[in-house]
Amino acid sequence: MQIGIIGLGRMGGNICRRLMKAGHRCVVFDTNAKPRAALAKEGATAAGSLAEMIKTLADKPRAVWVMLPAGEITEETVASLGALLEANDIIIDGGNSFYKDDIRRAKKLSEKHIRYIDCGTSGGVWGIERGYCLMIGGPNEAVDHLDPIFAALAPGLGDIPRTPGREKVPSRAERGYIHAGPSGAGHFVKMVHNGIEYGLMQAYAEGFDILRNKDSEDLPEDERFVLNIPDIAEVWRRGSVIASWLLDLGAAALVKDPQLKEFSGYVQDSGEGRWTVEAAIEEAVPADVLSAALYARFRSRQAHNFGEKMLSAMRFGFGGHVEGSESIDPESKPKAPRRHKAAHNATE
């Protein structure tokens, strides 16, 4: 298929590369000419403007994937596309937009019969190799039309054991993507995903902070232990009930830098943790852990401990996020082990 991609940062550029590897044709645009030129050398067709991109997209209905930061820039880009596209064309917002904004945009675009899809995209800098977990919202016919795109981006079955009871019923979910529901549903599911991510990361951070401080002078001398934190992270990765990809990333960071001196401990939040807590309030659902994890990120911007450096290390591991004053090169992708190998299915 042919698809336009707007926004060629860490994820947008790699989404383009994964699609081209699967045989899809990409027309790309970014306000920065450098990533446009780089992808053009790899086989994409670079456009110098949104209007040029739309003219270059020959296959109808045209589909344009927007991979930009949530907020004003995405809002302006979607509005501009709405003025350029025609009936039955499709806009996909693959960023981290607020789901209520998706509902509003979908209604506005439907006045011109332009179809809008919101796609929560998880995978960070590893998505090009592992695939992207996709949570999709929008009209059925538009999602079905773009199934080859979503299937190419998703991880596939890989070598994860199949869930008992699903063996005879292959599904999109098993291959790493779902049509969650109408417009807004995809980003809502991704929003809650990120809220859970905050809680998981905070649990690891606090646990490792407790381990790290077991040699504190405030403890009786016979109760002090000097623990090998990298080894503990490694052993927990192997057969433990708390093994996870986040732990893999943390273990990789600890091997490289056991004291995590490269990390400031300043931990940003993308906004989705806040929205998850707001949704819990609207639904009157208790969310003690997710709320506490969000507040811990706020506190990290005032004082930093080992646990917060662990948070920074994990966040850099999956997304390449450079926090505060740390000196890590954002282009140097961490070498973390993968939990499963993506299947090489027919779309790849």
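This is a short tour of aromatic rings, charged pairs and a couple of single residues in a predicted model.

Let's start with the rings. Searching the whole structure turns up 7 aromatic pairs. One of them brings together Phe98 and Trp275, whose ring centres are 4.9 Å apart and whose planes make an angle of 40°, so the pair counts as tilted, being neither under 30 degrees nor over 60. This pair ties together distant parts of the chain: Phe98 belongs to the loop between β5 (90-93) and α5 (99-110), while Trp275 is in helix α12 (residues 272-283), 177 residues apart. Both Phe98 and Trp275 are buried. They also have company, since Phe98, Tyr99, Phe188 and Trp275 make up one aromatic cluster.

Some rings have a charged side chain over them instead. Arg297 sits over the face of Tyr198, 3.7 Å from the ring centre. Lys214 does the like with Phe225, at 5.2 Å from the ring centre.

Now for the salt bridges. The structure has 23 of them. Side chains of opposite charge can pair when their charged atoms come close. Here are three examples, with the N to O distance for each.

| Acidic partner | Basic partner | Distance |
|---|---|---|
| Glu42 | Arg17 | 2.9 Å |
| Glu86 | Arg62 | 3.3 Å |
| Glu111 | Lys108 | 3.8 Å |

Take Glu42 and Arg17, which form a salt bridge. The pair links distant parts of the chain, with Glu42 in the loop between α2 and β3 (45-46) and Arg17 in helix α1 (residues 10-21), 25 residues apart. Glu42 is partly exposed, at a relative accessible area of 43%, and Arg17 is partly exposed too, at 26%.

Next come Glu86 and Arg62, another salt bridge. This one also links distant parts of the chain: Glu86 lies in the loop between α4 (72-84) and β5, and Arg62 in the loop between α3 (50-56) and β4 (63-66), 24 residues apart. Glu86 is partly exposed, with a relative accessible area of 39%. Arg62 has a relative accessible area of 7%, which is under 20%, so Arg62 counts as buried.

The side chains of Lys108 and Glu111 meet as well. Lys108 is exposed, with a relative accessible area of 55%, and Glu111 is exposed at 59%. Elsewhere, salt bridges with shared partners connect Glu75, Asp93, Asp101, Asp102, Arg104 and Arg105 into one network.

What about a charged residue that has no salt bridge? Asp30 is such a case. You'll find Asp30 in the loop between β2 (25-29) and α2 (33-41). Asp30 is buried, and the nearest side chain of opposite charge, that of Arg36, is 6.1 Å away. A salt bridge needs the atoms within 4 Å, so Asp30 and Arg36 do not form one. The side chain of Asp30 does reach two backbone nitrogens: that of Leu8 at 2.8 Å and that of Asn32, also at 2.8 Å. Leaving aside residues up to four places away in sequence, Asp30 touches Gly7, Leu8, Gly9, Pro35 and Arg36.

One last stop is Pro220, in the loop between α9 (185-212) and α10 (229-236). Is Pro220 buried or exposed? Pro220 is partly exposed, with a relative accessible area of 41%. Its C-alpha atom is 52 Å from that of Gly71, and the two residues are 149 residues apart along the chain.

Technical notes
Residues are numbered from 1 along each chain as its sequence is written. This is a predicted model: local features need pLDDT of at least 70, side-chain atom pairs count only at pLDDT 80 or more; totals for chains, interfaces and linings use all residues. Side-chain values use heavy atoms; hydrogens and water are left out. Rings of Phe, Tyr and Trp (its six-membered ring) pair if their centres lie within 6.5 Å; planes under 30 degrees apart count as stacked, over 60 as edge-to-face and the rest as tilted. Helices (H or I, at least four residues) and strands (E, at least two) are DSSP runs, numbered from the N terminus. Buried means under 20% relative accessible area, exposed over 50%, partly exposed in between (1.4 Å probe, protein chains only). A charge sits over a ring if NZ of Lys or CZ of Arg is within 6 Å of the ring centre and within 35 degrees of the ring normal. Lys and Arg count as positive and Asp and Glu as negative; His and the chain ends are not counted. A polar contact is a pair of N or O atoms within 3.5 Å; within protein, one must be able to donate a hydrogen and the other to accept it, and residues adjacent in sequence count only if both atoms are side-chain atoms. Contact means heavy atoms within 4.5 Å.
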